[in-house]
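Colleague: I have a fresh model open and would love to talk it through with you. Could you walk me through some of its strands and one of its pockets?

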Amino acid sequence: MKIEQIYTGCLSHAAYYIESDGEAAIFDPLRDVKPYILKAVINDATIKYVFETHFHADFVSGHLDLRKKTGASIVFGPTAKPEYTAIIAQDGETFTVGSCRVKAIHTPGHTMESTTYLIIDESGKEKGIITGDTLFIGDVGRPDLAQHVDKSLTEDKLARMLFHSLRKKIMPLNDDLIVYPNHGAGSACGKMMSKQTTDTLGNQKRTNYALRPELTEDEFVTELLSGLTTPPQYFPKNVLLNINGYDLLDNVIQNGLRALEPVAFEMVATTVKALILDTREASEFAKGFIPNSINIGINGNLATWAGEKISNNKQEILLVTDPGKEEESMIRLSRVGYDKTIGYLDGGFEAWKKSGNEIDSIERISADDFQEKFYDHAPILDIRKKSEFVSEHVVGAINIPLNQINEYLSEFPRQQNFVLYCGSGYRSMIAASLLKQRGFNNFKEVEGGLSSIKNTNIPRTDYRVPKTML
């Protein structure tokens, strides 16, 4: 038997490929399913099942695309009610993949249908558990997401279910089982996930705060619910896409791969009020871009930040990319349910510039310039997460995380210059493009962010300055 983790870092996502005697199964696939199909082809295997641990919130799963392309059967755990044909497994039901077996263990808590799959090899030995968002390395799944789709599923109710699922279904299993979770550090589906992406169950019983045997149910609920941040706004929309179904990725790509010359690009943008999304590197975007476009670089967390900052997943999108990156940009967007790309700028930004059209730019300053010309003379805005800010920040900086900028736009100064920075420059350029789109021109963005500021004498502190308005 072969078990392989297929990890996608920009989403902190793990899918799994299991194979035995010419049959394969995929667990929690992403929407771009070519890598899974290619793996099966290389190994001369037929994909028999697509197992889903739950209706995912942080990505649109590839189960429907895999079924269309391979004929594989989709399997969900108990209580799942998808709006398409699927096998709804019973608690304890076993499925064969070649000579190995996959046992469904219903573990509600993250969601009602959450299911852990126990993997049993050809000899009958239990090898591992694919836990979805029930059990992570160092953490467990947050129980506050389902209520955004079904208000009766309160976080307290689900947290108590999760407590019993862990105690009665997971912890009695053998210590030598390998835990294969759906996410690692960086995912918004938990709060304390490890950078490790697998571990033994025995070690998790010893080190995972949520598996401490002395925890009472009430203590577990209190610890689990404390410190949860507001989930990204696109999460409930992805859940509904995974429940109700979605357009196949091939159709999404076909509709979006329309090369538009600058004149046509501008006409389409104006006619349909399309959002212009520029996925180039921050450094290139800053030098010049189409007015009113926003920058979310492809060499970063394009999918998650698009989900955070583009409120309507039905918004029609026009792309500006480095040549050859058009399809990859569409795939990244589709992973979080943004399927309405309607074209891209043929020849990229250089074609726009050569056509003589209006361009805009953002002034980036070096960390040295920040120190010499702005540190003592302008408000400083740190747009990193609160936890990053608490850990370390520039003395006197004001923390307004990128995902909260819209809430404070009315209080930004229009006459006084201010300065933006993040950790590396990626997020601050997203913020800068959004501010430009809303008419702000009186700011500078620090190239390299805090990473470059650390090479100056600008004072930094780990003491959190109370957040005040600019």
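Colleague: Which residue stands opposite Leu-277 in β15?

Modeller: Happy to help, and bear in mind that this is a predicted model. Strands β14 (residues 275–278) and β15 (residues 294–295) run parallel and are joined by two bridges. Across from Leu-277, the residue in β15 is Ile-294.

Colleague: What is the handedness of the crossover from β14 to β15?

Modeller: After β14, the chain passes through helix α9, residues 282–287, and then reaches β15. That makes a β-α-β crossover, and its hand is right-handed.

Colleague: Are the residues of β14 buried or exposed?

Modeller: Let's take the two faces in turn. Leu-275 and Leu-277 lie on one side, with Ile-276 and Asp-278 on the other. Both faces are covered, and all four of these residues are buried.

Colleague: Which residue of β16 is the bridge partner of Asp-278?

Modeller: β14 also runs parallel to β16 (residues 317–320), and four bridges join the two. Leu-277 stands opposite Leu-319 there. For Asp-278, the bridge partner in β16 is Val-320.

Colleague: Which residue in β17 is the bridge partner of Leu-318?

Modeller: Leu-318 points the same way from β16 as Val-320, while Ile-317 and Leu-319 point the other way, and all are buried. β16 is joined to β17 (residues 341–345) by three bridges, and the two run parallel. In β17, Leu-318 has as its partner Gly-343.

Colleague: Which helix makes a β-α-β unit with β16 and β17?

Modeller: This unit is right-handed. Its helix covers residues 326–334 and is α11.

Colleague: Turning to the open sheet of five strands, which are its edge strands?

Modeller: The order is β18-β23-β22-β19-β21, with parallel pairing. An edge strand here pairs on one side only, which fits the two ends of that order: β18 (364–365) and β21 (398–399).

Colleague: Which residue in β22 stands opposite Ile-380?

Modeller: β19 (residues 380–382) and β22 (residues 418–421) pair in the parallel sense over three bridges. Opposite Ile-380, in β22, is Val-419.

Colleague: And the second largest pocket: how many nonpolar residues are in its lining?

Modeller: The space in this pocket is about 360 Å³. It is lined by 18 residues, and the closest to its centre are Phe-55, Met-112, Glu-113, Leu-153 and Ile-243. By class, the lining has five polar and three charged residues, and the nonpolar count is 10.

Definitions and conventions. Residues are numbered from 1 along each chain as its sequence is written. This is a predicted model: local features need pLDDT of at least 70, side-chain atom pairs count only at pLDDT 80 or more; totals for chains, interfaces and linings use all residues. Side-chain values use heavy atoms; hydrogens and water are left out. Buried means under 20% relative accessible area, exposed over 50%, partly exposed in between (1.4 Å probe, protein chains only). Two strands pair if DSSP finds at least two bridges between them. A crossover is right-handed if, with the strands pointing away from the viewer, the path from the first strand over the helix to the second runs clockwise. On a 1 Å grid over the protein atoms alone, a cavity is a set of points where a 1.4 Å probe fits but cannot get out, and a pocket is an open set with protein on both sides within 12 Å along at least five of seven lines; lining residues have an atom within 4 Å of a point. Grid points are joined across faces, edges and corners, and a volume is the space filled by probe spheres set on the points. Ala, Val, Leu, Ile, Met, Phe, Trp, Tyr, Cys and Pro count as nonpolar, Asp, Glu, Lys and Arg as charged, and the others, Gly among them, as polar.
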